[in-house]
Amino acid sequence: MKKKGAVLVIGGGIAGIQASLDLADQNFKVYLVERTPSIGGHMAQLDKTLPTNDCSICIEAPKMIEVARHSNIELLSYSEVVSVRGSVGNFKVRVLKKPRYVDEEKCNGCGECVAACPYIKHLQEFEVGLKLRGNIYIPFPQASPLVYTIDREHCFACGNCKVICESGAIDLYQKPEEIELEVGTIIIATGYSELVPEKGVYGYGVYKNVITALQYERLMNAAGPTGGHIVRPSDGKEPKKVAWIQCVGSRTKERPYCSRVCCMYATKEAIITKEHTPDIETYIFYMDMRAYGKGFEEYYRRAEERIGVKYIRGRPSKVSENPETGDLTIRYENLDTGEVRELEVNMLVLASAGVPTDTNKELAKMLGVKLDKNGFFQEKELLLAPIETDVEGIYIAGCAQGPKDIPDSVTQASGAAAKAIIPIVETRGEEIEEVELPEEKEVKPTDEPRIGVFVCRCGVNIGRIVDVPTVAEYAKTLPNVVFVNEDIFTCSDDCRGRIKAAIEKYDLNRVVVAACTPRTHEGLFRDTCREVGLNPYLFEFVNIRDQCSWVHMNEPEEATEKAKDLLRMGVARARLLEPEEEGELSVGPDCLVIGGGIAGMTAALELANMGFKIKLVEREQELGGMLRNLYKLFPTDAPAEEVIAPKIRAVHEHKNIEVYTGVEIKGIKGYIGNFEVIISKKDSEEVFNVSTVIVATGSQEIDATGYYGYGEYDNVITQLQLERMLKEGALKELKNVVIINCVGAREEGGRTYCCRFGCGVSIKNAKYIKERYPDANVFILHRDVRTVGKRGEEYYNDVRAKDVKFIRFSKDKKPLVFEEGGKLIVKVYDSMLRTDIEIEPDLVVLTTATEGAKGAGALKKMLKVPIEVGNFFHEAHVKLRPLDFATDGIYLCGCAHSPKGVVDTITQAVGAASRASIPMGVGMVKSEGITAVINPEACVNCGICMTMCPYGAIRTVDRATEVITAVCKGCGTCVAACPTGALEQRHYQNKQITSQIKNVCRLVVE
């Protein structure tokens, strides 16, 4: 039977969105089924995302809109899967499309029907019970699709909505519809739910001012029930003291797992709270501070040391209320001081557990896949197949597998897309339809500019500080502005529709949007212009969020005046914009993978299984990386050899992989579709070309010399040395073993980051020491125990039960290791017992930090990509593009990105393969229309531009200097450096920039 070239994605949160886009961008048909009226998931409910504090919906909304408008994606919202039969390549799926009682094709999202509905109000699901909604509603302003839904259960069919709806979209007798789909593979991305605490837990459901963390997110959110004003539910007053309690419902007997994100989102909520009102006191009660992700430790320390968030280690025992004031008293033991105290606060926020969605059981039964003991979907094998289920052709992404942060969900979603492609790779493009854009209308330099200006309030992100109506009125006074509009969310579907309608109605030939940030939204608005035939480079973005409302949040009048100034400058530049063309670059089916560890080999195999040709380069003489030196792996106890050896064999045996070991990369130049690589081995060199590059260079254990007597005392070793001893059976009988964590990590300066996997390694090795020598005393000295990831917390609990002793020390009182009377002594201040403890160990094991590979610096220069603290590579966007570099065609994964364990490394490697496969699968990419241009008559071939260009985009051919358009990133460095003015920047011409500069001053308006 012929395989189907379509994929079903179940769940429209950020994981489902990312998987759908990766698949659709590779010319596969995607059916995205979401059971609620809009895609977006929990990310759409959040206020900000850490560690950058970007507006959550601002960075997710462009992806939501991209899904809704992608020609290869059929979005089935307010729908549920009701049956699945068949097997890989040929699944037959029935989907029930629930009646909205509103015609999706006719509804324009105007909202007139809402005002016309006179009936009962109900708790709004999206606002987590903090706000009422009518019978007719959309979940949130940026909902996608932006189509209203009627709650027919409570509707009395009065018909008011039908009368007022000019588009005739209301159908009160709409019936459910069953849709039959045929797909080749399936991805489960059903996300998670927030646990609703039992009534009475810390006063929840009894005291009005006790709420959950997700409810607090909605209070903070500009589009939330209070417009972003943090007020108490009981009386609407601003609190002066707010506390958070962690691990509510998790790390318990019923739910032994860690919810993974709670520590950090509580920290984020406390930070944003103090940004709203600096004098609010914020307290976080916690057990272990699990700041494990990239940038998390630094974020947590900034909260504590610079912003003034107060952290109290301990789980409170009781919460009581003062009925007259609504204030709450929290009784707790501070585990660092031993004091039993009470804290009075005005509000209490419960960081409750992430739990499986309530549809998991039914869906698992339909699909024939397993759930784990906690109710999340069970992966085939945690280490080697964390994305696959035990049913071929069905894969998992995001929190459907277990709680995880946004970048980990995005990474796994990309990985799931790669896995879903492999069984049906030969069907690429068979089920999609090409969509033709309207012919681009001609706009000549001599045409009179007709500018439309669209000013965004962004809920209250901008509107709370900047007087948006005043800015919009001011825009009407500017030259050549013929249309002005202000909106709550300019990036929403309905507003984009209004932009397109205005372009056509008012014959606009320039568009200016004053909103949040071009980093995430410029492409969206360019595409909006192009969809109605306007060249996308006739669009100008004015950033009045980052540059006005954010930086001048305490100066609303000044922020408003600055917004006017920036808008005036933007309009001045827009008047001189010209249409630009984007070229097409051919991309071949070949990829260079740098690094032959578990990440590099996994990425190479995934791409090779898709049919691409891989050149795998490893500087060591053997493949395998750090795993060759390890004994067993956390948290499955799988022997490292059994994990790495089959992978090495598979790589060597694969016909699409060419392996180079013991070689150095001497040079890489070029651009996506045409990278030239020079490698050397001994005295010979080889040159070859590839189209894409994956960086999987891994990491290395730091030199521990100078830490805790390492290098001075023979019986002070590192975890890597211990791994070898365990592997080789070289460990001698031991009585007392001390393991010290966070060695060279979480420092005041330098390596400020957490090594992420160190706690798991130390606990796992402590277990094996105890198994070999049951009478030995094993001590783990730690600051926090960070056993994140699936099965991590359960493993930790098992080891604690084996009488491994955990001693917590503080960052200010680190352990001491010294010799006294010929004996080695470890002295540590136990913060729980509040006393010094001395141990005479036979062996001291240091859990050291890791840092990026030695060659990272040289590789950075060749690839023109950034490196950050710890010699790790810096991705394009920490949340939504964790596997991409800003430079097209170059991707990263594994410990080249940041420290991580084997599970996360493999997941990232599969995800990176997915990202790299997109341009190779399609066979082309579009080049940027913003590039440098040389005027040969003014150029004297001095070569300054070549030396200054960070991308190597300028060269000399036959004594003439030319720009390699495909490589140029439009940074403008060469234009600024040129002494003769021979260089000009497309879309940023000198006359355009000069016009902006002239309009900086309000007195000068051309």
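**View 1. Helix 14 (residues 556-574) lies across strand 25, strand 26, strand 27 and strand 28.** In this predicted model, helix 14 runs at about 165° to strand 28. Helix 11 (residues 493-505) lies across strand 25 (451-456), strand 26 and strand 27. Its direction is about 170° to strand 26.

**View 2. Four strands form an open sheet with parallel pairing.** The strand order is 26-25-27-28. Strand 26 (481-487) and strand 28 (539-543) are the edge strands, each pairing on one side only. On average, neighbouring strands of this sheet are turned by 15° against each other, direction ignored.

**View 3. Strand 27 (residues 510-515) pairs with strand 28 in the parallel sense.** Five bridges join the pair. Valine 511 has phenylalanine 539 of strand 28 as its bridge partner.

**View 4. Helix 15 (residues 598-609) packs with helix 16 (residues 640-653) at an angle of about 45°.** Their axes are 10 Å apart. That angle makes helix 15 oblique to helix 16. The crossing is left-handed. Helix 15 contributes Ile598, Met601, Thr602 and Leu605. They meet Val643, Ile644, Lys647, Ile648, Ala650 and Val651 of helix 16. By class, this contact has eight nonpolar, one polar and one charged residues.

**View 5. Helix 17 (residues 719-728) and helix 18 (residues 758-772) cross at roughly 35°.** Their axes come within 11 Å. This crossing, too, is left-handed. From helix 17, Gln719, Leu722, Glu723, Met725 and Leu726 make the contact. Helix 18 supplies Val761, Ser762, Lys764, Asn765, Tyr768, Ile769 and Arg772. The contact residues divide into six nonpolar, three polar and three charged.

Technical notes. Residues numbered from 1 in each chain as written. Predicted model: local features only at pLDDT ≥ 70, side-chain atom pairs only at ≥ 80, totals over all residues. Heavy atoms only, no water. Axes fitted to C-alpha atoms, helices over the stretch in contact; angles between N-to-C directions. Helix = DSSP H or I, 4+ residues; strand = E, 2+ residues; numbered from the N terminus. Parallel < 35°, antiparallel > 145°, perpendicular 65-115°, else oblique. Left-handed = near helix turned anticlockwise from the far one by under 90°. Contact = heavy atoms within 4.5 Å. Nonpolar A, V, L, I, M, F, W, Y, C, P; charged D, E, K, R; others polar. Pairing = 2+ DSSP bridges.
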